[in-house]
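Student: Please take a close look at one part of this model, the aromatic residues, and describe how their rings are arranged.

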Amino acid sequence: MRKAAGCLALAALVLGAACFLRPALSDLDPESREFVSKVRYIISKEEKAAFIRLKTADDRNAFIEDFWAKRDSDPETDLNEFKVEYLT
């Protein structure tokens, strides 16, 4: 019985540490949180998780550029029509 309680306590500790170390949306700067809020209906879970894990503003800005470029219906033009339509 004592062994089971020890294993349970260890599992709780590991799970707690994993949750504590996982980056959260609230850890992001206001501009990054605003981006996630605006695209919440079209960003995939995987994209959102990857974005939140990024460490620098430069990396997040590059992600945002790539995010919109992937959705550009006509990459030959200077204007990203999908982005403009989605954000207006």
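Tutor: A good place to start is Trp68, which is buried, with a relative accessible area of 5%. The model is predicted, and every value here is computed from it. Buried residues make up 18% of the 88 residues in the protein, and Trp68 is one of the buried residues, because its 5% falls under the 20% cut-off.

The ring of Trp68 pairs with that of Phe82: the centres are 6.3 Å apart and the planes meet at 45°. A pair counts as stacked under 30 degrees and as edge-to-face over 60, so with 45° between the planes this pair is tilted. Trp68 belongs to helix H4, residues 57–70, whereas Phe82 belongs to helix H5, residues 81–87. The pair therefore ties together parts that lie 14 residues apart in sequence.

Phe82 itself has a relative accessibility of 29% and counts as partly exposed. Besides its pairing with Trp68, Phe82 forms an aromatic pair with Tyr86. Here the distance is 6.1 Å centre to centre and the angle between the planes is 15°, and the pair is stacked. Phe82 and Tyr86 are 4 residues apart in helix H5, so about one helical turn separates them. Tyr86, at 24% relative accessibility, is also partly exposed. For both pairs the description follows one scheme: a pair of aromatic rings is described by the distance of the centres and the angle of the planes.

These two pairs belong to a wider set. The structure holds 8 aromatic pairs, and one aromatic cluster is formed by Phe35, Phe51, Phe63, Phe67, Trp68, Phe82 and Tyr86. Phe67, a member of that cluster, also has a charged neighbour: Arg71 lies over the face of its ring, at 3.6 Å from the ring centre.

As for the setting, the protein has 5 helices and 0 strands, and its pattern along the sequence reads α-α-α-α-α. Of the contacts between residues at least 6 apart in sequence, 45% join residues at least 24 apart. The protein exposes about 7000 Å², and carbon and sulfur atoms supply 60% of that area.

Notes: Residues numbered from 1 in each chain as written. Predicted model: local features only at pLDDT ≥ 70, side-chain atom pairs only at ≥ 80, totals over all residues. Heavy atoms only, no water. Helix = DSSP H or I, 4+ residues; strand = E, 2+ residues; numbered from the N terminus. Buried < 20%, exposed > 50% of the residue type's maximum accessible area, 1.4 Å probe, protein only. Contact = heavy atoms within 4.5 Å. Areas by Shrake-Rupley, 256 points an atom, 1.4 Å probe, with all protein chains shown as cover. Phe/Tyr/Trp six-rings, centres within 6.5 Å; stacked < 30°, edge-to-face > 60°. Lys NZ or Arg CZ within 6 Å of the ring centre and 35° of its normal.
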